[in-house]
Amino acid sequence: MLWIKLKRIVRSGFYGFWRNNFVSLSAILVMMVTLFVIGSTIFSGAILGSTLNQIKDKVDINIYFVTTAEENQVLDIKNSLEQLPEVQPPVIYFSKEEVLANFKKRHQNDEFTLQALDELGENPLGATLNIKAKDPSQYESIINYLGLRGSDCSALESKFPIIDKVNYCQNKEAIDRLTGIINSANRLGIILNIFLIVISVLITFNTLRLVIYMSRDEISVMRLVGASTNYIRGPFFVAGAIYGFISAILTLIVFYPITLWLGNTTENFFVGLNVFQYYTENFGQIFLIIVGSGIVIGSISSYLAVRKYLKV
Amino acid sequence: MIHFDKVSKIYSDNSVALEDVSFSVEPNEFVSIVGHSGAGKTTLLKMFLAEEKPTKGKVFFESTDVSTLKQDQINDFRRKVGVVFQDFRLLPDKNVYENIAFAMEAAGRLDEEIEADVPHVLELVDLSGKIWNFPHELSGGEKQRVSIARAIVNQPDVVIADEPTGNLDPLNTYDIVQILKKINDLGTTVILTTHNKGVIDSLKKRVLTMENGRIIRDDKEGRYVI
């Protein structure tokens, strides 16, 4: 009996969907807008995330050591820094010689500077450690670990006297501002997306309510011939799920040319993320999210919307 | 079989739809209820179908008080009652066959039964030729015959017809009344509300006359007297 009922409900849902084709079409179009917003949220999240990661990746600090510092002393500090939970390993070590070679390379067209360097006779540059934190907000605590205090990060209080200076303090303001921008961009993105999703879900819900409002007489007739609540609701539930499924598939199809068209633009504008590539690489996941939300929003909205007309 | 015991219905704005109504209907009876619009005929039927609960009094079907039934029990109860409305109330996106099959599906009947009974009942109302048509392709009289077919397909104990001829011309009215009579002759109790004098006078069956929410006359072989 359960099987027969299920079969009848599904069949009736399909018929209802097919015979009300104009209504179904408009419901599908409205649901496509919702799913499009959800999809765009995924893409904008990916773009924002990758851009912020790129920017974060560009932030680092250098520790400059005095010229007399021994290599193993510096390597000790490197090792202890790598133990810190805030530090993103590896910490990169540049020896005095490498620093000099880099310096020369950077000034290869500057005859005057190179001459001055030659005249000095010895290497005036110290070894350097390049550190990246897992999160830009954590530089402060790394600096504290090194025992550097004060607005100019003077090494006076440091437990490591071989440290000459750290460029964090010069860059501190820029790093802080960047951290702030990253955090608020993230927060703003989340709020904006939730807002858009809520609005579009409400619009879909209301559209399906209108669709079912047109069937209110039917529902009361079903009631009066003694159909049970679930038997009445079932076909609307099924039709809602079909609306969701079809609009999800259409939305996924529409995203293909759009991402293809936007792919190169986004790659150039937002450092390094090609949305088309992102779409095709994560298609399975995006498919599940879009189709899943379509079916859930469609069926649940229909299910809830019928409730009002069942009180006969 | 059906018994109204001192039933009153007072709406929240203190308007009285039914006042102290008592009557009984025996099995296989054909009862017509007449009265002006607003006399309480439809309210009476709504009480019986458990669409509304009485403010005072009780409505019995056999030995159960209809107003105390829960939703599941109401569904079961309604499957024993066939209803015909003035405005037909067919499902617009189902064809004639499916409209009738729907009532059988709701009652949990098997597919084989449905395939056998639907053509049979359409024959009874003389509509076999329109089995695959949709309601918007039918005339008023044809729609009403579909709605009667739907009402009787589950072999109900009672058929309620709420002004079934209100939207029909005299010829169709005559046909519909003949069908209802035939149903009654086959052993089903019929309750008919109408304000068509001709229908009542030709039936020569029991007539309840209502006015202002009260039953003012109950004649065994009644005529339309208001």
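**Figure 1. Helices H3(B) and H5(B) meet side by side in this predicted model.** From H3(B), the residues Val96(B), Asn99(B), Ile100(B) and Ala103(B) come up against Val146(B), Ala149(B) and Arg150(B) of H5(B). Sorted by class, that contact has five nonpolar residues, one polar and one charged. H3(B) covers residues 96-106 and H5(B) covers residues 140-152; their axes come within 8 Å and cross at roughly 25 degrees. With angles under 35 degrees counting as roughly parallel, H3(B) and H5(B) are therefore roughly parallel to each other. As for handedness, H3(B) passes H5(B) in a right-handed crossing.

**Figure 2. The two domains of chain B and where they touch.** Domain 1 of chain B is built from two stretches, 1-80 and 156-226, while domain 2 of chain B takes in 92-155. Go from one C-alpha centre to the other and you cover 53 Å in chain A, but here in chain B the figure is 24 Å. Domain 1 of chain B puts 12 residues into the contact, and domain 2 of chain B puts in 11 residues. On the domain 1 side, helix H6 of chain B (residues 170-185) gives the most, with five residues. That side of domain 1 of chain B splits into seven nonpolar, three polar and two charged residues.

**Figure 3. An open, four-stranded antiparallel sheet in chain B.** Reading across the sheet, the strand order is S2-S1-S4-S5. Strand S2 (16-25) and strand S5 (64-65) of chain B sit at the edges with a single partner strand each, so one side of each has no neighbour in the sheet. Zoom in on one of those edges and you find S4(B), residues 56-61, pairing with S5(B) in the antiparallel sense over two bridges. Look for Phe61(B) here: the residue opposite, in S5(B), is Thr64(B).

**Figure 4. The hairpin of S9(B) and S10(B).** Strand S9 (residues 206-211) and strand S10 (residues 214-219) of chain B run antiparallel and are joined over five bridges. Across the pair, Met210(B) faces Ile215(B) in S10(B). The hairpin has two residues between its strands, and Asn212(B) takes a positive phi near 50 degrees.

**Figure 5. The domain assignment of chain A.** Domain 1 of chain A combines 2-55 with 179-310, and domain 2 of chain A runs over 59-169. Their C-alpha centres are 53 Å apart.

**Figure 6. An open sheet in chain A, with a helix lying across it.** The four strands come in the order S2-S3-S1-S4 and pair in the antiparallel sense. Which strands stand at the edges? They are S2 (92-94) and S4 (163-166) of chain A; each has a single partner strand, so one side of each is left without a neighbour in the sheet. From one strand to the next, the twist averages 20 degrees. S2(A) and S3(A), the latter made of residues 128-131, form an antiparallel pair over three bridges. In that pair, Tyr93(A) has Leu129(A) in S3(A) as its bridge partner. Helix H3 of chain A (residues 71-83) lies across S1 (61-65), S2 and S3 of chain A, and runs at about 10 degrees to S3(A).

**Figure 7. Helices H2(A) and H11(A) packed together.** H2(A), residues 21-58, and H11(A), residues 283-307, pack at an angle of about 145 degrees with their axes 10 Å apart. The crossing of H2(A) and H11(A) is right-handed. On the H2(A) side, the contact uses Met31(A), Thr34(A), Leu35(A), Ile38(A), Gly39(A) and Ile42(A). On the H11(A) side are Ile286(A), Ile289(A), Ile290(A), Ser293(A), Gly294(A), Ile297(A) and Gly298(A). No charged residues turn up in the contact of H2(A) with H11(A), which divides into eight nonpolar and five polar.

**Figure 8. Where chain A touches chain B.** Chain A brings 17 residues to this contact and chain B brings 18 residues. On the chain A side, H1 (2-19), H8 (216-224) and H9 (229-269) each supply at least two residues. Which of the helices gives the largest share? That would be H8(A), with five residues. By class, the chain A side has eight nonpolar, five polar and four charged residues.

Conventions:
Residues numbered from 1 in each chain as written. Chains lettered and ligands numbered in written order. Predicted model: local features only at pLDDT ≥ 70, side-chain atom pairs only at ≥ 80, totals over all residues. Pairing = 2+ DSSP bridges. Domains from an automatic or database assignment. Axes fitted to C-alpha atoms, helices over the stretch in contact; angles between N-to-C directions. Contact = placed C-beta atoms within 7 Å. Nonpolar A, V, L, I, M, F, W, Y, C, P; charged D, E, K, R; others polar. Parallel < 35°, antiparallel > 145°, perpendicular 65-115°, else oblique. Left-handed = near helix turned anticlockwise from the far one by under 90°.
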